[in-house]
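Morning, everyone. Please pull up the sequence and the structure, and we will walk through them together.

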Amino acid sequence: MHTTTPKKPIPRIEAGSAPSSCTTRQAHLSNPMALSSLLLMTENSTAVITELRRQAKFHMDAQQWDAARMALESLLQRTPGDVPIRIEMASVLLRQGHLQAASRQLLDAVPLLPNHVPLIAQLTVRLLMLGEVEAARACLDHLARAPQPPASVLAEQAHLHWMIGDVSSATSLMGRAVAAGVDGADDRYLHAMLLRCSGKLTEAEGILASCLHHWPDLGDAAVMLVNLRTQTPAANHLDLLRGCLDRLPVPDGTRASYVRAQFESAVFKVLDDLGVHDEAWAALERSNALMHKLNPYNASGEVAAIDALIQASRKLTDRPAAAAPLAGPTPIFIVGMPRSGTTLLNQMLAAHSQVASAGEINDFLSQLRWMTDAPPAGVQGLLRMIERAADIDFAELGARYIRQTAWRARGHQFYIDKLPINVRMVPFIRQALPHAPILHMVRDPMDVCFSNLKVMFGNASAYCYEQQALAHYYKQYSRLTDHWRVAFPGAMLDVSYAALVTEPSETLHRVLVHCGLDLEEGCLHPERNTDPVATQSSTQVREPIHSRSVGEWQHYAKYLGPLQRALA
């Protein structure tokens with residue numbers, strides 16, 4: 001997802017404290033007789049457990065994963081109910097490339113949870129990372145049983161519900177936490193974000209402005225603040241932003257550079273709204289130069305990923321899809337380039353009486369990773385997953401996906417999975433969930449690329465901070481979708497953004513017929529849809545359908561020559 005997420009630190013649960021002396025550690029770890037003596041000390045199990053904890057920590061710190069795993073396995077034989085040890089074992093298994101085994105350790109830990117908020121939070125986060133959403137929800141249910149929780153616990157619950165994509169519960173919990181006195185930067189920022197998602201923009205604006213007065217280096221707040229509404233000559237935050245910029249430290253290649261990039265991006269948005277395009281472009285260039293330096297684009301890695309996807313998909317062209325549709329609600333996938341109009345289409349469909357929006361969820365990719373037993377590990381982890389993907393049981397993949405996501409339908413017949421990068425998953429979705437419609441948003445290349453170039457996506461999207469990188473990424477995306485159309489005809493329905501905003505009734509009718517739905521008048525008025533929206537476009541879709549974004553790049557045409565030439 002491209003929504004900025006508050007980064008609330010989760011305390012690490014250590015396997016044990018380090019021994020007092022490195023020499024002592026090495027004696028225990030390298031002397032076979034000492035180790036044999038240790039294992040024979042059955043009359044003093046506490047001493048054995050203490051020493052095994054020390055060994056496990058030593059080996060993990062030294063990244064000696066096989067030895068760490070052996071120590072942790074010995075510990076679990078003696079203390080099978082030790083949740084922190086199971087969490088550490090899961091971490092080691094992931095390091096060794098065993099995602100399924102790591103997942104089992106975390107799942108086994110859920111019924112063992114004590115009433116300890118940091119531990120519950122840590123387990124919840126790790127379950128979510130491995131796609132075990134239902135188990136993570138069970139952890140949150142456990143946390144919710146705490147009687148009269150203090151403000152800090154309510155805030156922790158809100159952060160976790162936000163991570164899981166349960167915006168309504170997160171909003172309610174954070175409201176209670178604020179009323180109970182919680183007042184940290186992360187908490188106030190999340191409160192504002194949740195209000196924005198719910199369309200309460202004026203309240204969110206007040207909180208964010210207050211945040212910047214208290215914490216003038218809170219770049220996330222600056223970016224969200226200026227995107228809540230169109231900035232005007234009579235009402236804008238330019239002076240506040242420039243005052244914060246003047247107080248920021250010199251960029252140093254790490255956090256200081258990132259924060260300055262966020263504030264420069266916010267200044268661009270204000271100046272762009274005001275029509276001061278030359279000054280706006282200068283601010284955008286400063287922001288993007290900092291981000292490009294922090295996150296250089298890996299062009300060869302992108303080519304390798306697209307090549308691997310095409311190669312893997314060739315094994316699926318003659319393979320029969322999974323059996324009959326699974327019981328339960330039907331997912332509708334909306335895919336495409338980021339900023340291609342996916343949020344607008346989502347809101348139009350979610351206004352239908354039979355459809356709910358799940359938002360931007362990562363569940364399909366998570367379940368594919370589980371099926372291929374390929375932990376996320378940069379480009380190599382992605383390639384490993386793709387290489388194994390053609391040989392999995394796609395019926396099981398579909399069943400796992402439905403099991404983890406069906407709750408998001410909230411009783412509706414259909415639910416929308418709107419994650420643009422799932423455009424890479426089209427043939428795998430078709431194999432696992434042949435009854436699920438896939439809608440591919442298509443937007444003019446210059447429009448969609450400029451929209452990516454001007455938006456602060458954080459560290460997750462290295463391609464969008466430099467014109468040549470952006471053009472390269474777009475051309476790889478185009479190469480992939482062209483292949484999907486030829487190799488898997490009918491697998492996805494192309495939906496033109498320009499047609500959607502200029503001929504909404506006809507275009508939406510075609511989409512609804514493809515999904516097996518009747519046209520409802522409310523779908524043509526997404527601004528009336530009160531469901532929470534948790535993407536960068538959440539404020540735009542609170543407006544009636546408009547075409548103002550078509551051709552918007554032309555304000556900056558004299559600066560965008562490199563992008564135009566690279567796309568040609």
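**The sheet and what surrounds it**

Start with strands β4 and β5. They pair in the parallel sense, over four bridges. Look for Val-442: its bridge partner in β5 is Ser-496. A word of caution before we go on: this is a predicted model.

Now step back to the whole sheet. In what order do the five strands lie? The order is β2-β3-β1-β4-β5. The sheet is open, and the pairing is parallel. At the edges stand β2, residues 355-357, and β5, residues 493-496. Each has a single partner strand, so one side of each is left without a neighbour in the sheet. From one strand to the next, the twist averages 30°.

One helix to find here is α18, residues 342-350, which packs on the sheet. Helix α18 touches β1, β2, β3, β4 and β5. Its direction makes about 155° with that of β1.

**Strand β1**

Next, β1, residues 330-336. Is this strand buried or exposed? Seven of its seven residues are buried, so β1 is largely enclosed by the rest of the structure. Check both faces. On one side sit Thr-330, Ile-332, Ile-334 and Gly-336, all buried. On the other sit Pro-331, Phe-333 and Val-335, and these are buried too.

Which strands does β1 pair with? One is β3, residues 414-417, joined to β1 by four bridges and running parallel. Here Thr-330 stands opposite Phe-414. Another is β4, residues 438-442, again with four bridges and again parallel. There Val-335 stands opposite His-440.

Zoom in on Thr-330, which is found in β1. Its relative accessible area is 14%. Buried means under 20%, so Thr-330 is buried. What does Thr-330 touch, beyond residues up to four places away in sequence? The list is Gln-413, Phe-414, Tyr-415, His-435, Ala-436 and Pro-437.

**The cores**

How many residues does the largest nonpolar core have? The count is 163. Leu-212, Phe-364 and Phe-428 have the most contacts inside this core. Helix α15, residues 255-274, gives the largest share, nine residues.

Take Phe-364 as a case. Leave aside neighbours within four places in sequence. Phe-364 is then in contact with Phe-333, Leu-397, Tyr-401, Asn-422, Met-425, Phe-428, Ile-429, Ala-432 and Leu-433. Phe-333 we have already met, on one side of β1.

Apart from the largest core lies another, of 24 residues. Among them are Leu-349, Val-355, Leu-439 and Leu-500.

**Helices against helices**

Two packed helices are described by the angle between their axes and the distance between the axes. Try it on α12, residues 201-214, and α13, residues 219-226. Their axes come within 9 Å and cross at roughly 145°. The crossing is left-handed. Which residues meet? From α12 come Glu-205, Leu-208, Ala-209, Cys-211 and Leu-212. From α13 come Ala-221, Ala-222, Met-224 and Leu-225. Sort the residues of this contact by type: eight are nonpolar, none is polar and one is charged. And Leu-212 has come up before, among the residues with the most contacts in the largest core.

Now α6, residues 99-109. Eight of its eleven residues are buried, so α6 is largely enclosed by the rest of the structure. The buried ones are Leu-99, Gln-100, Ala-101, Ala-102, Ser-103, Gln-105, Leu-106 and Ala-109. What do they pack against? Four helices: α4 (65-78), α5 (83-95), α7 (117-129) and α19 (363-372).

**One more residue**

Find Val-167, in helix α10, residues 167-179. At 11% relative accessibility, Val-167 counts as buried. Its contacts, leaving aside neighbours within four places in sequence, are Trp-162, Leu-194, Cys-197 and Pro-532. Now look for Ala-358, 191 residues from Val-167 along the chain. How far apart are their C-alpha atoms? The separation is 9.9 Å.

**The whole protein**

Last, the totals. The protein has 27 helices and five strands. Of its 568 residues, 56% count as buried. Then take the contacts with a separation of 6 or more: residues 24 or more positions apart account for 72% of them.

Terms used
Residues are numbered from 1 along each chain as its sequence is written. This is a predicted model: local features need pLDDT of at least 70, side-chain atom pairs count only at pLDDT 80 or more; totals for chains, interfaces and linings use all residues. Side-chain values use heavy atoms; hydrogens and water are left out. Axes are lines fitted to C-alpha atoms, for helices over the stretch in contact, and angles run from 0 to 180 degrees between N-to-C directions. Helices (H or I, at least four residues) and strands (E, at least two) are DSSP runs, numbered from the N terminus. A crossing is left-handed if the near helix is turned anticlockwise from the far one by less than a right angle, and right-handed if clockwise. Contact means heavy atoms within 4.5 Å. Ala, Val, Leu, Ile, Met, Phe, Trp, Tyr, Cys and Pro count as nonpolar, Asp, Glu, Lys and Arg as charged, and the others, Gly among them, as polar. Buried means under 20% relative accessible area, exposed over 50%, partly exposed in between (1.4 Å probe, protein chains only). Two strands pair if DSSP finds at least two bridges between them. A nonpolar core is a set of buried Ala, Val, Leu, Ile, Met, Phe, Trp, Tyr and Cys residues joined through side-chain atoms within 4.5 Å.
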